[in-house]
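Visitor: Please take one part of this model and go through it closely. I would like the side-chain pairings along the helices first, and then whatever else can be tied to them.

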Amino acid sequence: MRKNLSVVRNALARPVKLIGQIEDISGLKEAQSAAFSRSLVAAQEAERKRIAHELHDEIGQSLTALKITLGRARKVVSEPSAQESLDHAQWIISSLMNEIRGIAHRLRPPELDQLGLTATLRTYLEKTLRAGDVKISFTSDVGDARFSPDIELCCFRVTQEAATNCLRHAAARRFEVELRLESERLCLTIRDDGAGFDLAAQKDSGSLGLIGMRERVKAVGGKLVINSCPRLGTEILARFPIRFFTGVPIAGASS
Ligand SMILES: Nc1ncnc2c1ncn2[C@@H]1O[C@H](COP(=O)(O)OP(=O)(O)OP(=O)(O)O)[C@@H](O)[C@H]1O
Ligand SMILES: [Mg+2]
């Protein structure tokens, strides 16, 4: 509430009445907090993108140059033990290049811009969960439709955190991701049949994954619901207003 009060005085400067206005500004506060979350998430993503480019362009290119230089040296040395050392050094550089490519990729998956949400999610889930015993199911009825980049990125990050949590905490047998269009909403539903947890007990745990999920979804104007119960698995529902669908703004969606 915002109060605006003023005292009315008589000719002798004595207060005779109080007039005022009380305004409900909870909507304004919510809008300010959403704008703050949005700018935090945008700044974090811009920083991730910058680091990803720097890793790729600066370090990646220097390592390539180093590998070529060692390759030249390898051709002119005749000593077998020196050749072996140079081969080993080249092998280390190749592994480093792969590591760096992986890190840059996780910071900002380039497929998201190139191939869109469905293809990126499918590839990500196959790669990430393939190693474990979890059975993955991914369904999407959005085909290769494109949404606004911040919503696509948000869906990707929410799925990424949910998959990581599933591997770290759930000991699940199944992990399901579903992407659906529902009237004017893009709906992302993620479920696992693992250990589940007590949501109320997580409130002050200091962990950032679930809080970050909420902030991200809120920042793009969406709604997030998490349902979980010990031994009954976990369900994450994220709903987004479709701001741009194949480049055309949909009427009635928030901006
Ligand atoms: N799918 C899940 N199954 C079982 N427990 C979960 C699941 N997701 C989250 N949890 C529980 O909720 C807690 C909070 O999750 P959250 O992602 O916020 O933090 P975290 O994964 O522990 O750490 P980080 O901040 O690195 O993400 C977890 O520590 C875990 O106990
Ligand atoms: Mg987590």
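**Salt bridges, a metal site and the cores**

Guide: R50 and E54 are 4 residues apart in helix α1, so about one helical turn separates them. The model is a predicted one, and in it these two side chains form a salt bridge, with 3.2 Å between the closest N and O atoms. E54 is partly exposed, at 40% relative accessible area. R50 is also partly exposed, at 39%.

R50 has another partner, E47, and here the closest N and O atoms are 2.9 Å apart. This pair is 3 residues apart in helix α1, which spans residues 26–76, and is again separated by about one helical turn. E47 has a relative accessible area of 37% and counts as partly exposed.

Further along in the numbering, R74 and D87 meet in a salt bridge, 2.6 Å from N to O. R74 belongs to helix α1 and D87 to helix α2 (residues 80–107), so this pair ties together parts that are 13 residues apart in sequence. Both residues are partly exposed: D87 has a relative accessible area of 33%, and R74 has 26%.

The count of salt bridges comes to 10. Elsewhere, R174, E176, R191 and E235 are linked in a salt-bridge network.

Another pair one turn apart is found at the magnesium ion (ligand 2), whose protein donors are E161, through OE, and N165, through OD1. These donors lie 2.0 to 2.2 Å from the ion. E161 and N165 are 4 residues apart in helix α5 (residues 149–170), so they are separated by about one helical turn. Their exposure falls on either side of the 20% limit for a buried residue: E161 is partly exposed at 23%, while N165 is buried at 17%.

Q160 also lies in helix α5. Its relative accessibility is 15%, so Q160 counts as buried. Apart from neighbours within four places in sequence, Q160 is in contact with R106 and Y124.

Helix α5 matters for the next topic too. The largest nonpolar core has 38 residues, and F175, L186, L188 and F240 touch the most other members. At least two residues of this core come from each of α4 (117–129), α5, β4 (174–182), β5 (185–192), α7 (209–219), β6 (223–228) and β7 (234–241). The most come from α5, which gives 10. A second core, separate from this one, has 10 residues, among them L63, L70, I93 and L107.

F175 shows what surrounds one of the best-connected members of the largest core. Leaving aside neighbours within four places in sequence, F175 is in contact with L125, L129, V134, K135, I136, S137, A162, A163, C166, I190, R191 and D192. Of these, R191 also takes part in the salt-bridge network with R174, E176 and E235.

In soluble globular proteins, nonpolar side chains tend to be buried together. At the surface of this model, though, L5, V7 and L18 form a nonpolar patch with about 290 Å² of accessible area together. L5 lies in strand β1 (residues 2–9). With a relative accessible area of 52%, L5 is exposed.

How values were computed
Residues are numbered from 1 along each chain as its sequence is written. Chains are lettered from A and ligands numbered from 1 in the order in which they are written. This is a predicted model: local features need pLDDT of at least 70, side-chain atom pairs count only at pLDDT 80 or more; totals for chains, interfaces and linings use all residues. Side-chain values use heavy atoms; hydrogens and water are left out. Donors are N, O and S atoms within 2.8 Å of the metal (3.2 Å for Na, K and Ca); water is not among the atoms, so sites may look incomplete. Buried means under 20% relative accessible area, exposed over 50%, partly exposed in between (1.4 Å probe, protein chains only). Patches are made of residues with over 30% relative accessible area and no salt bridge: like charges are joined within 9 Å, nonpolar side chains (Val, Leu, Ile, Met, Phe, Trp, Tyr) within 5 Å. Accessible areas come from the Shrake-Rupley method with a 1.4 Å probe; for residues, only the protein chains shown count as cover. A salt bridge is a side-chain nitrogen of Lys or Arg within 4 Å of a carboxyl oxygen of Asp or Glu. Contact means heavy atoms within 4.5 Å. A nonpolar core is a set of buried Ala, Val, Leu, Ile, Met, Phe, Trp, Tyr and Cys residues joined through side-chain atoms within 4.5 Å.
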